[in-house]
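Trainee: I've got this one open on my screen, and I'd like a close look at one part of it. Take me through the helices and the loops, please.

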Amino acid sequence: MSLFTPLLWILLIAPIIVIACFKSEKPNLKYLAFFILYFLADVFLQASGKQLIDLDLKFNWTGKILSLVLGLIIIFSVSKEERIKIGFTSKTNSLASLKFGLLVFFGFTVFDIIFKLILFPKGNPFYLETFLFQATMPGLTEEILFRGISLWLLDKAFAPTWNYRGIKFGWAFVIVTVLFGVSHGAVLDQDFHLKFDIITMLYLTLISSLSVGILRQFSGNLIYSILGHNTINLINAVIRIL
């Protein structure tokens, strides 16, 4: 992956950011800049992980660990109140909100399983590292990145004004949800050839990212979205070896 790829992702979601700027009352562009800087720094760290320390493993453990370290540095550099807003807390929203979030997530997940059982290629070999990695690192680092710090910064940039079942949503939720799908479906390789998978982008945005995002919002913390994210990844791994 070219190091220009994260800039491509920001460019692809730029129209939504522009709309958010015009639709939000008094947008705070300082926090938008902080979001862009943090996002680019995190992705660059992940991309350069193997070059910095090559563990000779199938997955990029080093890059994910660097991403986690960066996220934790930011989380522990802010106040306890801000950490709660990031979702770094053991507290949850009301039981009714939590149940709704879980119900929506499980509904999407059932659809996801059926869809992938039909379309995913099967018969891949079993690798213990695959299961260890998918059960830990993607959910842990990507939830802190997307639905933790990025969502927190963008909520400061564009104050959430939409309310559903007592939970506030805003343009930050839309931007983060779409960005997750875009970051998994568009890439520039080292020769600057663009690989653009619109089906993957749409599916991950509307199914995986949306369901985990709803779980994050209605639970009120990152614990549930991290577990949900890793559950989806583990299901993918299991289906591929059936």
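Mentor: Here's a walk through one helix, then a helix pair, then two loops.

First, some ground rules: this is a predicted model, where local features need pLDDT of at least 70, side-chain atom pairs count only at pLDDT 80 or more, and totals for chains, interfaces and linings use all residues. Residues are numbered from 1 along each chain as its sequence is written, and side-chain values use heavy atoms, with hydrogens and water left out.

Start with Arg83, which sits in helix H4 (residues 80-86). Helices here are DSSP runs of H or I with at least four residues, strands are E runs of at least two, and both are numbered from the N terminus. Arg83 is buried but has no salt bridge, and Glu81, the nearest side chain of opposite charge, is 7.5 Å away. Buried means under 20% relative accessible area, exposed is over 50%, and partly exposed is in between (1.4 Å probe, protein chains only). A salt bridge needs a side-chain nitrogen of Lys or Arg within 4 Å of a carboxyl oxygen of Asp or Glu. For charge, Lys and Arg are positive, Asp and Glu negative, and His and the chain ends aren't counted. Setting aside neighbours within four places in sequence, Arg83 contacts Ile75, Phe76, Val78 and Phe88, where contact means heavy atoms within 4.5 Å.

Ile84 is in helix H4 too, but it counts as partly exposed, at 32% relative accessibility. Not counting residues up to four places away in sequence, Ile84 touches Thr89 and Gly220. Its C-alpha atom is 9.8 Å from that of Trp152, 68 residues apart along the chain.

Now the helix pair: H2 (residues 29-52) packs on H3 (residues 61-75) at an angle of about 145°, with axes 7 Å apart. Those axes are lines fitted to C-alpha atoms, for helices over the stretch in contact, and angles run from 0 to 180 degrees between N-to-C directions. On the H2 side, the residues that meet H3 include Tyr38, Leu45 and Leu52, and their partners in H3 include Leu66, Leu70 and Ile74.

Finally, the loops. Lys26 lies between helix H1 (5-23) and H2, and Arg165 between strand E1 (162-164) and strand E2 (167-169). Lys26 isn't a glycine, yet its phi is positive, about 55°. Arg165, not a glycine either, has a positive phi of about 55°. Most residues other than glycine have a negative phi. Lys26 is also exposed, with a relative accessible area of 74%.
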